Amino acid sequence: MNTLIALAIAPCGVGEELSEYVADVVKVIRESGLPNKTTSMFTEIEGEYDKVMEVVKKATFVLAEKGIRTEVVIKMDIRPGFTDMMNKKLDRLEEHLK
């Protein structure tokens, strides 16, 4: 079933600047081949539920396997019969804003 998630994975206790660690996480997500988009606060990933969750696990363990305490925030939209929600949701919003 198609799933769209907003995901934030961040290390805890490594200092103030996290971009180096977040880059390691985003690399795993981008290498997955699933549609994704990174903003300043979250990365969105879309695809079949099991594939998306596999990427979440791999991305989370990038930090955890280095012994870094890892915080994960996930918001999911599972909407049967819909695809490309990452873009189409925004298209519908823009239509209402005209």
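How do the residues of the lining of the second largest pocket divide into nonpolar, polar and charged?

## The second largest pocket

In this predicted model, the lining of the second largest pocket divides into seven nonpolar residues and four charged ones, with no polar residue among them. The space that lies in this second largest pocket comes to about 180 Å³.

The residues that line the second largest pocket are L4, I5, A6, E44, K75, M76, D77, M85, M86, K89 and L90. Two or more of these lining residues come from each of the elements β1, β4 and α3 (85-97), and the largest share, which amounts to four residues, is given by α3.

## The largest pocket

The volume of the largest pocket is about 340 Å³, and 18 residues form its lining. Among these lining residues, I9, V22, S40, M41 and F42 are the ones that lie nearest the centre of the largest pocket.

Three elements, namely β1 (2-12), α1 (19-31) and β4 (69-78), give two or more residues each to the lining of the largest pocket. Of the elements that contribute, α1 gives the most, with five residues.

## The character of the largest pocket's lining

When the residues that line the largest pocket are sorted by type, 13 are nonpolar, four are polar and one is charged. In the second largest pocket, by comparison, the lining holds seven nonpolar residues, no polar ones and four charged ones.

How values were computed: Residues are numbered from 1 along each chain as its sequence is written. This is a predicted model: local features need pLDDT of at least 70, side-chain atom pairs count only at pLDDT 80 or more; totals for chains, interfaces and linings use all residues. Side-chain values use heavy atoms; hydrogens and water are left out. On a 1 Å grid over the protein atoms alone, a cavity is a set of points where a 1.4 Å probe fits but cannot get out, and a pocket is an open set with protein on both sides within 12 Å along at least five of seven lines; lining residues have an atom within 4 Å of a point. Grid points are joined across faces, edges and corners, and a volume is the space filled by probe spheres set on the points. Ala, Val, Leu, Ile, Met, Phe, Trp, Tyr, Cys and Pro count as nonpolar, Asp, Glu, Lys and Arg as charged, and the others, Gly among them, as polar.
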